[in-house]
Amino acid sequence: MFILKALRRNKTLRYGVPMLLLVVGGSFGLREFTQIRYDAQKIKKKLDPSLEARVNVQKQSVILEEEYDKLREKNMDEWKNIRGPRPWEDSKEYQEQQRSRQKNQTEA
């Protein structure tokens, strides 16, 4: 009985041991939760096998060369920069205005 009372009065056992258990147990718990988070991110980043076959790293240089050849074939001397509609403008109305301006420029 005397030993039990002495243990209850001891501040180290009363406050220190639960604090240490909380800190050490919390670090192990956080490690498990962060591992779950990283595993979930790894699963999300996986590609479809069909998409992964199309995005093969070895074929990337070939794809870039094909795109460069397509751009070289286009005539860039007659290229015109046409402004797109602003978010507050009606896109159909703006497209009609652009077409009418283009027709006026070709007629003149």
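The legends below describe several views of one predicted model, beginning with the whole chain and moving on to close-ups. Because the model is predicted, local features need pLDDT of at least 70 and side-chain atom pairs count only at pLDDT 80 or more, while totals for chains, interfaces and linings use all residues. Residues are numbered from 1 along each chain as its sequence is written, and side-chain values use heavy atoms, with hydrogens and water left out.

**Figure 1. The whole protein chain, made of five helices and zero strands.** Read along the sequence, the chain follows the pattern α-α-α-α-α, where helices (H or I, at least four residues) and strands (E, at least two) are DSSP runs numbered from the N terminus. Of its 108 residues, 2% count as buried, a word that means under 20% relative accessible area, whereas exposed means over 50% and partly exposed lies in between (1.4 Å probe, protein chains only). The protein chain exposes about 11200 Å², of which carbon and sulfur atoms supply 58%; such areas come from the Shrake-Rupley method with a 1.4 Å probe, and for residues only the protein chains shown count as cover.

**Figure 2. Helix α2 and the residue that caps it.** Helix α2 covers residues 11–45, which is 35 residues, and its first and last C-alpha atoms are 50 Å apart, close to the 51 Å expected at 1.5 Å a residue; the expected span is 1.5 Å times one less than the number of residues. At the N-terminal end of α2, Asn10 acts as the cap, with a side-chain oxygen 3.1 Å from the backbone nitrogen of Thr12. For residues 12–30, UniProt lists "transmembrane region" in an unreviewed entry; annotations of this kind may be inferred rather than shown by experiment, and their positions are given in the numbering used here, with feature names shortened. In the model this span is 100% helix and 0% strand, and its end C-alpha atoms lie 25 Å apart.

**Figure 3. A nonpolar patch on the surface.** Phe2, Ile3, Leu7, Leu13, Val17 and Leu21 make up this patch, which has about 640 Å² of accessible area together. The elements giving two or more residues to the patch are α1 (2–9) and α2. Patches are made of residues with over 30% relative accessible area and no salt bridge, with nonpolar side chains (Val, Leu, Ile, Met, Phe, Trp, Tyr) joined within 5 Å and like charges within 9 Å. One of the members, Val17, is found in helix α2 and is partly exposed, with a relative accessible area of 34%.

**Figure 4. The salt bridge of Glu32 and Arg31.** A search of the whole structure finds three salt bridges, each being a side-chain nitrogen of Lys or Arg within 4 Å of a carboxyl oxygen of Asp or Glu. In the bridge shown here, the closest N and O atoms of Glu32 and Arg31 are 3.5 Å apart. Glu32 is partly exposed at 46% relative accessibility, and Arg31 is partly exposed at 48%.

**Figure 5. Salt bridges in helix α4, including that of Glu67 and Lys70.** Glu67 and Lys70 meet through their side chains at 3.5 Å, N to O, and they are three residues apart in helix α4 (residues 60–73), separated by about one helical turn. Glu67 is partly exposed, with a relative accessible area of 40%, as is Lys70, with 48%. Arg72 and Asp69, which meet at 3.3 Å, N to O, both lie in α4 as well, three residues and about one turn apart. Arg72 is exposed at 56%, whereas Asp69, at 35%, counts as partly exposed.

Conventions:
Polar contact = N/O pair within 3.5 Å; in protein donor to acceptor, adjacent residues only side chain to side chain.
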